[in-house]
Each structure stands twice: as structure tokens, then as C-alpha cells.
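The following note is offered to a colleague who is meeting this structure for the first time. The points proceed from the overall form to particular elements.

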Amino acid sequence: MRIATYNVNGVNGRLPVLLRWLGETAPDIVCLQELKAPQEKFPEQAIKDAGYHALWHGQKSWNGVAILARSGQPAEIRRALPGDPEDVHSRYIEATVDGIVVGCLYLPNGNPAPGPKFDYKLRWFERLTAHAATLLASGKPVVLTGDYNVMPTDLDVYKPEKWVEDALFRPEVRTAFKTLVAQGWTDAIRKLYPDEKIYTFWDYFRNAYGRDAGLRIDHFLLSPAVSKRLVAAGVNREVRGWEKSSDHAPVWIEL
DNA sequence: ATGCCGTGGAAACCACGA
């Protein structure tokens, strides 16, 4: 079974690319972030025609997350992270698909740092970590995937020294990611490729993709029951080179 | 060193992204 995550940066503007990628790689389960579409503007029919049932939580202009599944309608568990009823951003959706609890997340960017946006990022990270502990304690097979907006280590940045003050790489967020993983999660890409330079994002500017000036910020965290089943993982980096591409590339795992 | 590009929404610019 193949599970993929893709920050599409606008699900409607990205629809041709998204459909082409779905057709070529045929993942069984897909997590999408940055829909940038209100609930009623999600391209449900086009996704259905491509062979996927969809669960989504839209928002006007920004954010927005979705879970797609070939096997049937994802069974919704929640469409927000617990812990802050005042938080109206559509950044988390969770459903059971094929016996796996799938959490699809879009962690806040946090720039500029320091500042209120960075504070929001750290608070969101704390809520995610608390919820992740609950998920682990359930003993169920869980996949927590999406755009974490964190480069966990120097290996995940093309030029680490340029990013030390950035909200995606400051010590606080690297520590937060490490704390989360230490609960007992497996970073799928790093389990299979502990020492390889692997990126999931390239800026639109400065020919970043051509120069391979990338970041690894889209991650798969697997609970022990899922980690045992992991057989392969990778990045569809060629998708980043397609016409009208997102600045992220899809990431996938094979169970 | 720098939102230099891209998206969406509102209004012919702005917010936001990483």
C-alpha cells in the first residue's frame, strides 16, 4: 500500500498537476495541504473521477487539508487539533483509512521569528505533540504526515548556516520535532536513508530547483505498528519540475 | 541580501508563503 503527502499550494490552480501525479503514481491514500480553497470550492468531482474518495477541511484563501483514499470514504475522526477552540486555521484532519489512523497536518510556517506567528507555531507544535502522545497510547497503527515546516537537522537544508534564524530551523522547532519523534515515532525517510540529502521543497525563486537548493520539511511519522510494515519511501521530485508545479514535491511511503 | 515567484481574494494591490 502506498501513502503519499503533497503540499499542493492551491488545489484548484494545481489541479492538472495533481491529477497527472495521481494518475502516474496511483497512491492508495493521499494527504494534501494548502488547499487554499473554501469548503465548497474543493474539486470533489475531478478527484472522484480520478478514483478517489475525499475528506477535506477547506478555508478561504489559506490553509486547508484533505485526505483522499481509493478504497472508500475516509472515516473522519476529527478536523482540528485538540487544545485550542479559538484556533480557526484548517491545518489538521484525521481519519481512519484501510485500518490506519491517518493524521494530515499543515504546521504553521512561523515567520517572522520571533513574533506572534512564531509563538503560534510553537503552541501548535505543543498541541500536536500532546495529541500524538494520545495516538501512540491508543496502540493503533498511525501515520502522521504532512508539511511540518521544520528541517529536523543540518542534513535537511541546502545551506544550514543561512537558516539558523528562520522559523523553520530555529533551535526551538528542531527541539520540538525531536521531542515529538522521541515519543516513539519513526521518521520514514530517515529510517531508510539516514545519511542521504533528500529534499521535499524548493523555492520558486533563484532557480532553487535547478540548483537543488532545497529543504526537507514534509515528513512521515509512523507509529511502531506501521513502522514495522515500512518497505520503501521516497520523494517524487520530478513533479517539482513540471509546468505550474507546487513549490513542494510529493513524498510517499510503501507499506 | 533580497519574496526575485506564485496563489487567492479583493480590487488593480495585498496577504501570505518558507
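What radius of gyration does chain A have, and what would a compact globule of 255 residues have?

1. Overall form. Chain A has a radius of gyration of 17 Å, which agrees with the value near 18 Å for a compact globule because the chain has 255 residues. The radius is taken over C-alpha atoms, and the globule rule is 2.2 Å times the number of residues to the power 0.38. The C-alpha trace of chain A spans about 45 × 45 × 40 Å along its principal axes.

2. Basis of the model. This is a predicted model, in which local features need pLDDT of at least 70 and side-chain atom pairs count only at pLDDT 80 or more, while totals for chains, interfaces and linings use all residues. Residues are numbered from 1 along each chain as its sequence is written, and chains are lettered from A and ligands numbered from 1 in the order in which they are written.

3. Composition and burial. Chain A contains seven helices and 14 strands (DSSP runs numbered from the N terminus: helices H or I of at least four residues, strands E of at least two). Of its 255 residues, 44% are buried, that is, 20 or more other C-beta atoms, placed from the backbone, lie within 10 Å of the residue's own.

4. The six-stranded sheet. An open sheet of mixed pairing follows the order S3-S4-S2-S1-S14-S13; two strands pair if DSSP finds at least two bridges between them. Strand S3 (53-57) and strand S13 (232-235) are the edges, each pairing on one side only. Within this sheet, S1 (residues 2-7) and S14 (residues 251-254) run antiparallel and are joined by four bridges. Ile3 stands opposite Ile253 in S14.

5. Strand S6 and its partners. Five of the six residues of strand S6 (residues 92-97) are buried. Three bridges link S6 to the antiparallel strand S5 (residues 75-78), and six link S6 to S7 (residues 100-106), also in the antiparallel sense. Thr96 has bridge partners in both: Ala75 and, in S7, Val101. Two residues lie between the strands in the hairpin of S6 and S7, where Asp98 takes a positive phi near 50°.

6. Surroundings of DNA strand B. There are 26 residues around DNA strand B, of which Gly10, Gly13, Lys36, Asn109 and Asn111 come nearest; a residue is near if its C-beta atom, placed from the backbone, lies within 6 Å.

Definitions and conventions: Buried ≥ 20, exposed ≤ 12 C-beta atoms within 10 Å, placed from the backbone.
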